[in-house]
Amino acid sequence: MKTLYLAIKYLAILVWSCFVVFPFLWALTTSFKTANGVTGGATWIPWLQYEPSMHGWKTLFGGAGGTDITGPYLNSIIVTGSASLISIVLGTLAAYGLSRFTFKAGFVRNGDITFFFISQRIMPPIVLAIPFFLLLRQLGLLDTLAGLVLVYIALLLPIAVWVMVDFFNNVPRQLDEMAWLDGCTPMTTFYRVILPNSVPGLIVAGMFCLIFGWNDFFFAFTLTFTNTQLLPVAIVALNSSVTPWWSLSASALISVAPLILLAFVVERFLSRGGLAGAVR
Amino acid sequence: MYRQKHLFLLPGLLVLVAIIIFPLLFTIRVSFSSWDVFQPGLDWIGGENYGRLLEDARYWGALGRLLVMAVGTVLIQYVLGFALALLVWGDLRARRFFRVLFLVPMMTTPVVMSVIWRTVFHESIGPLNGILQAVGLHGLPWLSEPTLAFISVMMVEIWQWTPFMFLLLLAGLVSLPREPYLAAKIDGAGPIRTFFAVTFPAMAGISIAAILIRLIEASKIMESVYVMTSGGPGTATETSSYYIYIRGLRDFQLGYASSLSVTYLVIMIISLTIIAKVLVRFFVKDRT
Amino acid sequence: MSALTLQNLNLTVDDEIWLDDISLHLEPGGLYTLLGRTGAGKTSLIRAIAGLEDLNGGRIWHGDTCWNGLAPWRRPVAMVYQQFINYPHLSVLDNVAFPLRRAGVGAEEARERARGMIDKVGLSPMAGRRPGELSGGQQQRVAIARALTKDAPVLLLDEPLVNLDYKLREQLREDLVELLAGRRSTIVIYASTEPSEALQMSSRLLLMEEGRVVQEGLPRAVFDAPASIGAARIVNDPPINILSMTLDSDAAEVESLGYFPLDALFGRERLADIGEAGLAPGQYYIGLRASDLQLAPEGRPAEVTLTEVSGSETITHLDMAGCHLVLHERAVVNHRVGSQIHVRPRLSTVFIFDRNGALAHVAHPARGMD
């Protein structure tokens, strides 16, 4: 009975693993194909079923007839990094305030303010795209990195607040009180005592910010054109032209690579139980 | 008592409000105008747009489809995510490897993966049909048949976001106290009993949070639809977001699209509040 | 060197009164113990002094400075919590040096002074470790060291030993007495639920009940003359036996225990009449310590309802004709629940409370009489 149970367990894991890996594998093999390898029908195994070539990969870096992907790549790093950083700083500060102090403005209380932050995520990008478009145009920030960073802050700040409020609520207040009695003002308490003990939460918040920031398509799509391009937009642009599946696949693989590294970090962290304090 | 407290909340709150408030107010204002390609500008037509949307079958159809898709995918993601978390929780060979693997899809760029999935679902030269044909079955019109298209989009969403549930639930499992499990073992409870009596109730809090957050995100399903089906065939995979996109950024009927957006927002906030309450009821049953 | 004066402190939370019109005057050099049951208001009072609770009324004065509205980080107060609170991310050394650094002391000097204090609490080998690596008792020593390093004029300790096991508690209590000795400029306020601890450590005892200070005085004096039945209950552990008593001019009838001639109660005072003790015939309550009962074959029968062995002593709860009595023996005895034993009083100190529960007289029977 035990072995049957074990067999089913491994089978289930295997099945899901195949499901997970499937598109990557396909993209990998396709990225080494040429036109023949693609149009003849679905093929999987290099050398046996098709002739592999580096054509797809070469066109990514400014090769003949392709797009240079390093520009958008860099832009994505800059925009996602800056927006995440600012969001985490502002969001953690706000979350600490919401966790430790009582705010009252009329009938609006802490819980409502936290809800306000989180509810910003409900808006579909569409709803905000046009107003943002007009706003950025007014500010002269269309098609700029700064404009995008501004917009991304609005998207990522709620995430930082959501994660950190929960985390701070699980840090005992007595730690704050002890810091107060040792002569720390609330700001000093936050900076010297609470923050150093909040690394798990910050990692989770940072992770989510990076993921949602790096992977955004819609705002980058609507708010940038030629001067600034982010990675997802650049890749999808490849999609709409003559279908070069090979460079498409190659670019897709490159774009997801950084975050896959992140997956390793997260798992390591998760196993050490670090996530537990961050996510109730 | 502590005046410094405002220093914490205000920077973030003000920045957010500053960035969001204009778009929000603007959208509301535009919804009362007839701004479109032919008549750009803010006039006032009162609630005409709202009247129009009440009769707009396509809009409500999109909402209905969104409901099915969002709730469906989130539920499936929850069940699968929980199952996966349970599978890699205890003793397992290469446990860490599988944990990393299962996390990966969430880390990928949805648009980019949708592009790849589009090639996967391709009817003539895509690998999915290739495999089906290899085992002697017929290839299916994944993206050109309404129901199949719907399912295809759901599959992509499930592939992409199950790891999110998986991550949160696994984090929860890893931090569960051991004592109740020892007690259950002493009482002779089997694995199924133990799950329903110990594990599931203990995960109530995380489950609720995870489902709610996923629902909020899932309701914005857009990129997979945009890339794979463009809402089609017909309107089979057209969700609210996509419909608003069509009216707003393609037909450029900003006034009408704004009213669609405002209505959508209100419906979402109300629905999510109700769903939150229902979830709490469901997960936190009276334990006597 | 300033005294701490509390004037009419009031604290109400959610319609519950936590502090009820408390007024105290505390002098430097004193070790004041707040003794009372859980919920009596000890913690609330301590937190109010620390500035961690907003009072609904009253003022706190330190010398000429009014502390009302003064934030905790500006008050010259140090505190040790019940739960072992230390900074998890700092080493023991940096933990203890923390308040000094906040006060502007240079890093080197702060570390030096911290090292000295760590040595005094016996944790020198652990100076480089993190609190998370230490045992409960060691963590609390770190907390105590940090509080002492701050050298604040007001030192608050909220049941610091309650989360430690018995042996550790005794050890640490002794160490604390040593550490606190000679601090003439500090006002030490120590909250506890254990009378023995209070008697051992304090220079003045403050009994608290339901948010009020019900008695104040030298520990021995309070112990020997509790002002009320409530005070008697707080200050006696094991619990004191309170029985109703009818006093006549020449005899006393005590519930369950029976008839006592007058000189059995007042022997040492050689009273001819209860009027000489300021008492009139009538209904009273008598308080007998649990150690004032003893097993005796000629005593009255009682049924054992509960036996607790604590260290090398036994506390037995009895039911004597419907009356709940507590017996304290300095030996390890095992009375079976439900069995019958015979007890009689062996009076040494008798507290007589009037009908309202206030102390009317403390009687000392002659030795060996019953």
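## Sheets of chain C and a bent helix of chain A

In chain C, four strands build an open sheet with antiparallel pairing, in the order S17-S16-S15-S18. Its edges are formed by strand S17 (323–329) and strand S18 (340–345) of chain C, each of which pairs on one side only. On average, and with direction ignored, neighbouring strands of this sheet are turned by 50 degrees against each other. The model is predicted: local features need pLDDT of at least 70 and side-chain atom pairs count only at pLDDT 80 or more, while totals for chains, interfaces and linings use all residues. Residues are numbered from 1 along each chain as its sequence is written, and chains are lettered from A and ligands numbered from 1 in the order in which they are written.

Helices (H or I, at least four residues) and strands (E, at least two) are DSSP runs numbered from the N terminus; two strands pair if DSSP finds at least two bridges between them. Axes are lines fitted to C-alpha atoms, for helices over the stretch in contact, and angles run from 0 to 180 degrees between N-to-C directions.

A six-stranded open sheet of chain C has mixed pairing and the order S6-S7-S8-S3-S9-S10. Strand S6 (77–80) and strand S10 (212–217) of chain C occupy its edges with a single partner strand each, so one side of each lacks a neighbour in the sheet. Here neighbouring strands are turned by 20 degrees against each other on average, direction ignored.

One antiparallel pair from each sheet is listed below.

| Strand pair (chain C) | Bridges | Opposed residues |
|---|---|---|
| S16 (residues 313–320) and S17 | Seven bridges | C:Thr314 and C:Glu329 |
| S9 (residues 204–209) and S10 | Five bridges | C:Glu209 and C:Arg212 |

Helix H1 (residues 42–50) of chain C lies across S3, S6, S7, S8 and S9 of chain C, and runs at about 150 degrees to S7(C). Contact between two residues requires their C-beta atoms, placed from the backbone, to lie within 7 Å.

Chain C is divided into domain 1 (4–225) and domain 2 (241–363), with bounds from an automatic or database domain assignment. The centres of these domains, taken over C-alpha atoms, are separated by 37 Å.

In chain A, helix H7 (residues 145–169) has 25 residues and reaches 35 Å from its first C-alpha to its last, close to the 36 Å expected at 1.5 Å a residue; the expected span is 1.5 Å times one less than the number of residues. H7(A) bends by about 30 degrees at A:Leu155, and a proline, A:Pro158, follows within four residues. The bend is the angle between axes fitted to the seven residues ending at a residue and the seven starting there. Of the 25 residues of H7(A), 22 are buried (20 or more other C-beta atoms, placed from the backbone, within 10 Å of a residue's own; 12 or fewer is exposed, in between partly exposed).
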